[in-house]
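Hello,

Here is the structure for your docking set-up. My notes follow below.

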Amino acid sequence: MKMKAINLAVVVLMLSFLCSCQTREPHTFAVGDKTFLLDGKPFVVKAAEVHYPRIPRPYWEHRIQMCKALGMNAVCIYIFWNIHEQQEGQFNFTENNDVAAFCRIAQKNGMYVIVRPGPYVCAEWEMGGLPWWLLKKKDIRLREQDPYFMQRVKIFEQKVGEQLAPLTVQNGGPIIMIQVENEYGSYGEDKPYVSEIRDCLKSIYGDDMTLFQCDWASNFEKNGLDDLTWTMNFGTGANIDQQFLRLGELRPNAPKMCSEFWSGWFDKWGAQHETRPAKDMVDGMDEMLSKGISFSLYMTHGGTSFGHWAGANSPGFAPDVTSYDYDAPINEWGLATPKFWELRKMMEKYNDGKEMPDVPEPPMPIITVPKFELTEFSSIFNGTDPKLDAPVRTGSPVMTFEEMGMGWGSMYYATTLPEIAGQSVLTADIHDFAQFFINGKYIGKTDRVKNEKSITLPSVKKGDELQILVEGMGRINFGRAIKDFKGIIGDVAITSTVNNTETAWKPQDWSMFALPDSYEKAVDAFVNNEDWGKNDNSMRLGKPSQMAADGQDLTTKPGYYRGYFNLKKVGDTFLNFETWGKGQVWVNGHAMGRIWSIGPQQTLYVPGCWLRKGKNEVIVLDVVGPKETVAWGQAEPELNKLQLEKSNKHNNIGDKPDLNSATPSATGSFKSGNGWQTVKFNAPAKGRYLAIECLSTQKEGDCVAIAELYLKGVADKRISREAWTTKYADSEDANGNHTGDKVFDLQESTYWQTEKGLPAPHLLVIDLGSEQTLTALEYLPRAEQGAPGGVKDFRIFIIEN
Ligand code: GLA
Ligand code: CA
């Protein structure tokens, strides 16, 4: 009897397996003559980039249907390695990480899938998708043929393959194309490494899978492999023919595809919200479709970098905000924007005469939540007595998060000081946001965003305790700086000068406490902390209404705050945290993302699917402390409210160098048109500052715009721009976010631009961070058609100090 039941079960299983195979017939997808071929017929890829971890799983299908309603025939996804393997060897492909389920939903809705499994992805995502624990091997070479890196990459790709290889078109699934690495050209030149990634993916997805590489028109040749498809990435407004010019020369019969057509752009803390005009985006896509060019619209729906997953841009350190709205046609919370309707109208022309699919109803209504107070408080730090677990390490030299075995969160470092009469200067390289205390009294802070590395200490007595609370933000996701350790990096140096004698100390004996930013830890803070619930002045950084020398409000209290709100009906909302300092938020145990008073983002998107009728819990970990412990839910997000300590324009007249008596290292005129141009200096020039004076523009009366600048050193090699900052710009269009730093952000699609209606001359001065010997300047104008803002006559100065 038992036997029979088992047999029956086997038959049922086999039958259902056969059925599922029957519905999933194998197809082909290949590269043909100037076109892609789906089952042998010409096919234009119209892909919508969306990232499943940036969308709550209950909303996946709605977002895919929204993409379909735009006339798209595919979705393009990244696989973020670090969300799937958060600890080495522990893989998670369930719930919001169930990428195979996501692909099946796409297929169910008649959409193909393009997969971009990295291992590196960029994407304004923590460390560009690489797991932090790789950095436990201090000397690891990321994105290179480092044996440990390659070993882990292969294990990860194999695991992804277990999920996705059964879903290729060849196996009757929706996956038509797979990307090898990501924009390797802006990282380096290393064909052997890229080849090894290619071989790894080939062995997993088979020889028939169409593998491709994406890069920029300016650098794709550096790593382009002969047997892979080459696609170009560029943004709204770009000159499309120009972007495919070189590809056309090298491979006249290859299909053309823009693998990332940027619909908008990402936002960074402390800078204005980015937007791009709908018309320019739609016109560019119309032009591509009219020429049979395939594309993926990055982003079609950006969503949210929940929890601690937002990355940071570099050179410099420019952490990304939580919202990944991207000014995309489908907004962060899944609704159609005016851009959506304009795009849908245009896409109808290319829909083979068929009616466009319906726009689906949103899965949830939008609700508001009346103002509520977060009344419960638990200190993480209380004067000389940190309310933390026993220190993880004592008596050790200073360690990073990674050395402490912690991926994300904050760390508290303490050491005792010798007697230092008079002021001293503390210098340290701290990632990322550090607050300094002596015996619990707030002294000041260093912010990596502002490149701050030192702080003045008051005189101290022997045995006084120095405490440093360090919050780590998202790891850098772009450029060579992705190897981004967190915490105090290297020694802390204290120097004091008394009677012209310099004395230096390097404290070696540290107590260190790790404060991981998990929900469990946050809840625990309320259980195990004896101060829990008390709300008295002793937990403030200082006494009420005190201000520190740097303007820090000493009445604020860093710590965990908890409050509740009640709902009669659930829906999506935007919780406003503009009265809070800096930190992270959890709602009903879901990590919602980072907050920071400086803006521009002041609200967090809270999806209704994570809320419930009745009581909902909110916990905020605020490492600075709130001005008011209130929050409320609004019907619209606030993505563009800056609350900066000082303006982010660089027009302080005191920073303007006197060029009257200076001798230029080069004078001349740039040619009109797109593309890089090099200016050789008359002689090698030594100095710390680059001043570029734009005397006139290609089109008379135009504003000035520059997309990128490089300087070459003595060996005719580009020098690192890692330490560059903008010293002075006589005019910056800060509203459009065209500030001076855009000339060294490694992005060819962003640029410094002066305000409209202010014709040349214009001056931009860059601090190179240290003295350099320089031989040439490389200049890239804007990539758009007609190159508005192109500089004509110039003078270049290298200034000593
Ligand atoms: C590049 C990367 C993407 C993303 C965009 C900017 O194209 O490939 O991952 O970072 O830049 O949004
Ligand atoms: Ca740029």
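How far from an oxygen atom of ligand 1 does a polar side-chain atom of Glu124 lie? The distance is 2.7 Å, within the 3.5 Å limit for a polar contact between N or O atoms.

The basis first. This is a predicted model: local features need pLDDT of at least 70, side-chain atom pairs count only at pLDDT 80 or more, and totals for chains, interfaces and linings use all residues. Residues are numbered from 1 along each chain as its sequence is written, chains are lettered from A and ligands numbered from 1 in the order written, and side-chain values use heavy atoms, without hydrogens and water.

Now the ligand site. Two other side chains also place a polar atom by an oxygen atom of ligand 1: Tyr326 at 2.6 Å and Asn182 at 2.9 Å. Taken alone, ligand 1 exposes 300 Å² (Shrake-Rupley, 1.4 Å probe). The protein buries 100% of that. There are 15 residues around ligand 1 (a heavy atom within 4 Å). Tyr78, Glu124, Glu183, Glu260 and Tyr326 come nearest. By class, this shell has ten nonpolar, two polar and three charged residues.

Then the cysteines. The disulfide count is zero (cysteine sulfur atoms within 2.5 Å). Why is Cys214 unpaired? Its sulfur is 8.6 Å from the closest cysteine sulfur, in Cys76, too far for a bond. For Cys694, the closest cysteine sulfur is in Cys703, 11 Å away, also too far for a bond. Cys214 is buried (under 20% relative accessible area, 1.4 Å probe, protein chains only), at 2%. Cys694 is buried too, at 0%.

Best wishes

Note on methods:
Buried < 20%, exposed > 50% of the residue type's maximum accessible area, 1.4 Å probe, protein only. Polar contact = N/O pair within 3.5 Å; in protein donor to acceptor, adjacent residues only side chain to side chain. Nonpolar A, V, L, I, M, F, W, Y, C, P; charged D, E, K, R; others polar.
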